[in-house]
Each structure stands twice: as C-alpha cells, then as structure tokens.
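Trainee: I am new to this structure. Please walk me through the terms as we go.

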Amino acid sequence: MAHALEAINVSKEYSTVAGKVTVLKELNFHADANEFISFVGPSGCGKSTLFNIITGLLAPDNGHILINDKETTGSASEKMGYVLQKDLLFPWRTVIQNVILGLEIRGVNKKEARERAKELLETYHMQGYEDKYPAQLSGGMKQRVALMRTMITNPEIILMDEAYKALDYPLKISLESELLNVVKQQKKTVIFITHDIEEAVTLSDRVYVMKARPGEIIHEINVDLETDSRIIPERRLSPRFNDYYELIWRSIGAAPVLF
Ligand SMILES: Nc1ncnc2c1ncn2[C@@H]1O[C@H](COP(=O)(O)OP(=O)(O)O)[C@@H](O)[C@H]1O
Ligand SMILES: [Mg+2]
C-alpha cells in the first residue's frame with residue numbers, strides 16, 4: 001500500500017556567513033494512513049526546516065516528498081493542514097471568522113462555512129465564544145481555535161510543529177488528549193514535531209529520533225504503550241512508558257548536546 005507521506009533522501013543546506021551548513025542530511029521516512037508519527041530531537045536539529053520542506057514552503061536541495069506515492073510539486077498540498085506553536089490567529093477576526101478562514105479561501109459560501117464552524121465549536125466545547133476576539137481567549141483556547149481552523153478543511157495529513165510548547169502542563173495534556181481522540185476518531189495521519197520526549201512517546205505510534213549538525217534520523221522506534229486510552233496521563237502511566245523514554249533519551253544523549 002502507498003504511504004500517506006514518504007520522504008526519500010531529503011537533504012538541505014543553508015548558506016551562512018561562515019559558509020554552507022548541512023542542516024538536514026539524507027532523511028528517509030514515511031507516515032502511513034491513520035498513523036501518528038513524531039520527530040523528536042534537540043533544538044536546532046532541523047525540525048522546523050523539515051516541517052517547511054514537508055509543507056512545500058521550502059524546496060529540499062536533494063530528494064523528494066511523495067504524498068500517496070505522488071511527488072509533490074513544491075506548493076503546499078491540499079491534503080495537508082498545519083498547526084504551529086505560534087497559533088497565528090488573526091487578531092482582528094473573531095473566533096468564528098478565524099475558524100472559517102480555510103473554507104473562505106476555498107470559496108465555500110459563508111452560511112455553510114459558519115454552520116460547519118458552529119458544529120466544530122460545539123465538539124471542542126467552545127460554543128458561546130464565536131464572537132470573541134483572540135485577545136479575549138486563554139492560550140489553550142487559542143490553540144484549540146487553531147486546531148479547529150485546521151480540522152475544518154478536513155485534511156488527510158496534519159502537521160504540527162511544537163504546537164503545545166508554550167502551554168502549562170495541565171493544559172498541554174488536556175489539549176493533547178483531545179488531539180489524540182479527534183485524530184484517531186477521524187482517522188487522520190499526523191506528523192508531530194517536538195523536542196519533548198515525553199510528548200512524543202505518549203502521543204505516537206512511531207517516533208523518529210533526530211540528532212543535530214547535521215540533522216539526521218538516528219533511530220526509528222515503534223511505540224506500543226499497550227493501552228487503548230487516549231487520556232495522556234493514563235498513557236504516561238503505562239509500565240512501558242519508561243522503557244521508550246529511556247531508549248530515546250539515551251539515543252539523543254549519545255549525540256552532542258547543544259546549549
Ligand atoms: N534561513 C536560515 N538560514 C541559515 N540557517 C538557518 C536558517 N533557518 C534555520 N537555520 C539554522 O538551521 C538549523 C536548524 O534550524 P531549525 O530547522 O529551526 O531547527 P529546530 O526546529 O529543530 O530547532 C539551526 O542551526 C538554525 O540556526
Ligand atoms: Mg523549530
């Protein structure tokens with residue numbers, strides 16, 4: 001069967017004042033349909049560069065990205081949706097106006113778009129917030145609106161770059177539980193980028209571990225926490241959690257640590 005997404009020999013260099021720097025070196029990886037994969041690695045190992053290459057915002061120097069076995073043309077694929085750490089909501093738009101943005105761009109009529117957005121707002125327990133502005137929301141609510149804005153266009157693949165980095169722990173685990181529930185229920189493929197080992201282990205079916213300078217995949221780990229729970233603390237309490245944590249920590253620890 002075709003992979004939902006596949007990268008073949010992807011490399012990237014940046015030109016700096018000090019000369020050329022290899023940021024990503026010959027990355028090969030894939031994500032299957034309905035699979036939740038993570039990339040975990042230290043700051044500066046090239047995760048956001050990789051994100052930009054997968055989305056088509058940045059062209060690799062070598063290699064290519066295939067979606068359902070077809071090479072992407074460089075522009076962002078219709079099949080993908082993104083959630084970033086900075087939620088990037090438009091401050092001058094209300095919650096509902098932010099949520100319908102992707103549908104507006106696709107030319108869906110406003111009435112239909114608003115109806116779909118209202119359903120989503122209910123699903124995410126944010127009914128009543130339709131006409132609030134981002135500045136009136138908590139950090140967690142903003143991130144939830146950003147996820148709704150992505151989900152409303154019904155992407156097959158969801159890409160997330162350090163989406164929950166700036167949140168406090170209780171909020172983070174609640175949003176992550178919600179995410180896991182939604183993507184498993186709706187059978188999405190997720191590519192989750194993080195520097196947080198715990199986050200990668202609790203959420204993922206499979207983890208790619210990266211090292212820095214140059215950014216390379218040094219380990220691929222299938223994760224099975226032997227639980228069907230989608231509640232993050234319950235997954236975290238799986239007796240197998242520590243084994244995976246240790247495995248990843250040791251493989252990252254073997255690489256140079258950047259401070
Ligand atoms: N446009 C650029 N030009 C030159 N160097 C860059 C550029 N963007 C990122 N870098 C460098 O490439 C490396 C990887 O960056 P990045 O992909 O943001 O890593 P991560 O997201 O893992 O922290 C870093 O050393 C960063 O300083
Ligand atoms: Mg980054």
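Mentor: Start with ligand 1. Tyr-14, Thr-16, Val-23, Ser-43, Gly-44, Cys-45, Gly-46, Lys-47, Ser-48 and Thr-49 surround it. The model is predicted: local features need pLDDT of at least 70, side-chain atom pairs count only at pLDDT 80 or more, and totals for chains, interfaces and linings use all residues. Residues are numbered from 1 along each chain as its sequence is written, while chains are lettered from A and ligands numbered from 1 in the order in which they are written.

Trainee: What makes a residue near a molecule?

Mentor: Its C-beta atom, placed from the backbone, lies within 6 Å of the molecule. Strand E1 (5-16) and H1 each give two or more residues to this shell. H1 gives the largest share, three residues.

Trainee: What makes H1 a helix and E1 a strand?

Mentor: Both are DSSP runs, numbered from the N terminus: helices are H or I with at least four residues, strands E with at least two. H1 covers residues 47-55, so H1 fits the helix rule.

Trainee: How do you know that E3 and E9 pair?

Mentor: Pairing needs at least two bridges found by DSSP. Strand E3 (residues 36-40) and strand E9 (residues 206-211) have four, in the parallel sense, so they pair. Phe-39 stands opposite Tyr-208 in E9.

Trainee: Why are E6 and E10 called edges?

Mentor: The open sheet has six strands in the order E6-E7-E8-E3-E9-E10, with mixed pairing. Strand E6 (80-84) and strand E10 (216-222) each have a single partner strand, so one side of each lacks a neighbour in the sheet.

Key. Contact = placed C-beta atoms within 7 Å. Axes fitted to C-alpha atoms, helices over the stretch in contact; angles between N-to-C directions.
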